[in-house]
Amino acid sequence: MPIYRTHKLACSSLIAVAALQVASCKGPTGPEGVTGSSGLSAVQIVSVAGTVQPVQNGSASATGILSLRVDCPAGKTVIAGGYAAVGDGSQFVHPWQSFPISTSAWVVSVQNGYVGPIAVTAFATCAITQN
């Protein structure tokens with residue numbers, strides 16, 4: 001059973017949770033700050049699908065690597081990205097790279113370590129950004 005202890009604090013309220021105590025203190029209200037930007041708007045997730053083939057020994061063209069580029073619609077900035085692989089062998093998809101290649105596009109490259117082809121979808125989160 002937890003032990004609750006209280007101590008006299010300079011603040012009027014005290015919250016005791018198990019053996020942890022946190023004082024809730026509120027000071028005087030400060031001056032109003034400068035109005036910030038309006039932030040993000042029109043957030044949208046864009047995707048591109050592809051199939052990564054398995055590595056085939058002795059074939060220079062079958063490296064088992066797939067690169068997908070996801071472009072944001074005109075006027076939008078890429079703010080995040082990534083990929084998903086589903087189905088048989090998806091646990092054998094290894095990321096090589098996943099990064100913004102420009103302010104409006106994300107690129108993903110993966111390698112297939114499985115014996116068969118695997119479906120991969122690359123995603124980019126795009127938005128209108130305000131300065």
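Me: Let's start with one pair: which residue in strand 8 does Ala 49 stand opposite?

Reply: Ala 49 stands opposite Thr 121. Before we go on, this is a predicted model, where local features need pLDDT of at least 70, side-chain atom pairs count only at pLDDT 80 or more, and totals for chains, interfaces and linings use all residues. Residues are numbered from 1 along each chain as its sequence is written, and side-chain values use heavy atoms, with hydrogens and water left out.

Me: How do I read strands here, and how many does the protein chain have?

Reply: Strands are DSSP runs of E with at least two residues, while helices are runs of H or I with at least four residues, and both are numbered from the N terminus. The protein chain has eight strands and zero helices.

Me: When do two strands pair, and how many bridges join strand 3 and strand 8?

Reply: Two strands pair if DSSP finds at least two bridges between them. Strand 3 and strand 8 are paired over 11 bridges in the antiparallel sense. Strand 5 also runs antiparallel to strand 8, with nine bridges joining them; there, Thr 77 stands opposite Ala 127.

Me: Which strands form the open sheet, and in what order?

Reply: The order is 4-7-6, with antiparallel pairing. Strand 4 and strand 6 (93-102) are at the edges with a single partner strand each, so one side of each has no neighbour in the sheet. From one strand to the next, the twist averages 15 degrees, using axes that are lines fitted to C-alpha atoms (for helices, over the stretch in contact) and angles from 0 to 180 degrees between N-to-C directions. Eight bridges link strand 6 to strand 7, and Val 93 has Asn 112 of strand 7 as its bridge partner.

Me: Now the interior: how many residues does the largest nonpolar core have?

Reply: In soluble globular proteins, nonpolar side chains tend to be buried together. A nonpolar core is a set of buried Ala, Val, Leu, Ile, Met, Phe, Trp, Tyr and Cys residues joined through side-chain atoms within 4.5 Å. Buried means under 20% relative accessible area, exposed over 50%, and partly exposed in between (1.4 Å probe, protein chains only). The largest such core has 17 residues, and Val 52, Leu 66, Val 110, Val 120 and Ala 124 have the most contacts inside it. Strand 8 gives the most, with five residues.

Me: What is Leu 66 in contact with, beyond its neighbours within four places in sequence?

Reply: Contact means heavy atoms within 4.5 Å. By that test, the partners of Leu 66 are Gly 50, Thr 51, Val 52, Val 108, Ser 109, Val 110 and Val 120.

Me: And Val 78: is it buried or exposed?

Reply: Val 78 is buried, at 10% relative accessibility. Val 78 lies in strand 5, and its contacts more than four places away in sequence include Pro 100, Trp 106 and Ala 124. Val 78 and Ile 128 are 50 residues apart in sequence, with 8.9 Å between their C-alpha atoms.

Me: Last one: which side chains meet in a salt bridge?

Reply: Side chains of opposite charge can pair when their charged atoms come close. A salt bridge is a side-chain nitrogen of Lys or Arg within 4 Å of a carboxyl oxygen of Asp or Glu. The structure holds one, between Arg 69 and Asp 71 at 2.9 Å, N to O. Arg 69 is partly exposed at 44% relative accessibility, and Asp 71 is partly exposed at 39%.
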